[in-house]
Amino acid sequence: MTTNRFTARRSRVHRAAGSAVAVTAALVLAACGGAGGTFGQGGGRGAEAAASPSASAPQETQRHNAADVAFAQGMIPHHRQAVTMSGLSGTRAASGEVRELAEKIEKAQAPEIRTMSRWLRTWGEKVPSGDTHGGQDGASGHDGHGGHGSGEPMPGMLSADDMTELEESTGTSFDEAFLRLMIEHHEGAVAMAGTELKEGAYQPALDLADTIIEAQTAEIAAMRKMLGGH
């Protein structure tokens, strides 16, 4: 009986020791696999990418330069004036095509104003004030794109007389004035966007400049066609 109990006890000790060795070996292998560079197994490249600070960094923290600031500070009042011009068409335009185009311009540019304003606030830069009548806001001084403090007007920005002409027109006279003035306005925006593409560094601003050039160049062609029919 004594021999049998001793044998059974020895067997249990051997089994326990064997299990401990197996567990230790498994832990060593797992540790080697995690540290040995086999990404995708046990916390590899996917986990490393998720921990990277650049993976979730907001766009506004990307590198920007003075040209990006000037682009946003100039394009905001430029867009605001286009939105104001477009808003006049609802009660003044005779052509359904003109009203439809004006609505398209307003829907496209209003969100872009909010986007550029957010960039400037994030960068700690001035967001231009909301005056759009006569080009005083953004057409000169700190808010101007072309001069950025030089006092030079922005390309295509309507004067006070231009805005008055538009506001006092109705029917086909409004349609003609709107198309003529908006073509000039769009041409100015395209020129400003072209400057951003050449001089800017902030990728979202470069992407927006591309969008402006593509969309407004197409709208210029459409407006010229409409203007030829009046």
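**Briefing: an eight-helix chain**

At 0% relative accessibility, Ala209 counts as buried (under 20% relative accessible area; exposed is over 50%, partly exposed lies in between, with a 1.4 Å probe and protein chains only). Ala209 sits in helix α8. The model is predicted: local features need pLDDT of at least 70, side-chain atom pairs count only at pLDDT 80 or more, and totals for chains, interfaces and linings use all residues. Residues are numbered from 1 along each chain as its sequence is written, and side-chain values use heavy atoms, leaving out hydrogens and water.

**The chain as a whole**

- The chain has 8 helices and 0 strands (DSSP runs numbered from the N terminus: H or I of at least four residues for helices, E of at least two for strands).
- Along the sequence the pattern reads α-α-α-α-α-α-α-α.
- Of the 230 residues, 37% count as buried.
- About 12,400 Å² of the chain is exposed, by the Shrake-Rupley method with a 1.4 Å probe. Carbon and sulfur atoms supply 54% of that area.
- Take the contacts (heavy atoms within 4.5 Å) between residues at least 6 apart in sequence: 73% of them join residues at least 24 apart.

**Helix α3 with helix α4**

- Two packed helices are described by the angle between their axes and the distance between the axes.
- Axes here are lines fitted to C-alpha atoms, for helices over the stretch in contact, and angles run from 0 to 180 degrees between N-to-C directions.
- Helix α3 covers residues 66-92 and helix α4 covers residues 96-123. They pack at an angle of about 150 degrees, with axes 8 Å apart.
- α3 and α4 are therefore roughly antiparallel (over 145 degrees; under 35 is roughly parallel, 65 to 115 roughly perpendicular, the rest oblique).
- By class, this contact of α3 with α4 has 14 nonpolar, 8 polar and 5 charged residues. Nonpolar means Ala, Val, Leu, Ile, Met, Phe, Trp, Tyr, Cys and Pro; charged means Asp, Glu, Lys and Arg; the others, Gly among them, are polar.
- α3 passes α4 in a left-handed crossing (the near helix is turned anticlockwise from the far one by less than a right angle; clockwise would be right-handed).

**Helix α3 with helix α8**

- Helix α8 spans residues 203-228. The axes of α3 and α8 come within 11 Å and cross at roughly 40 degrees.
- α3 and α8 are therefore oblique to each other.
- This crossing of α3 and α8 is left-handed as well.
- From α3 come Asp68, Phe71, Met75 and His79; they meet Ala205, Leu208, Ala209, Ile212 and Gln216 of α8.
- By class, the α3 contact with α8 has 6 nonpolar, 2 polar and 1 charged residues.

**Residues to look at**

- Which residues does Ala209 touch, leaving aside those up to four places away in sequence? They are Phe71, Ala193, Glu196 and Leu197.
- Ala209 and Phe71 are 138 residues apart in sequence. In space their C-alpha atoms are 8.9 Å apart.
- His78 lies in helix α3. His78 is buried, with a relative accessible area of 1%.
- Beyond residues up to four places away in sequence, His78 touches Met154, Pro155, Gly156, Met157, His185, Gly188, Ala189 and Met192.
- Gly90 also belongs to helix α3. Is Gly90 buried or exposed? Gly90 is exposed, at a relative accessible area of 57%.
- Gly90 and Glu103 are 13 residues apart along the chain, and 8.7 Å separates their C-alpha atoms.
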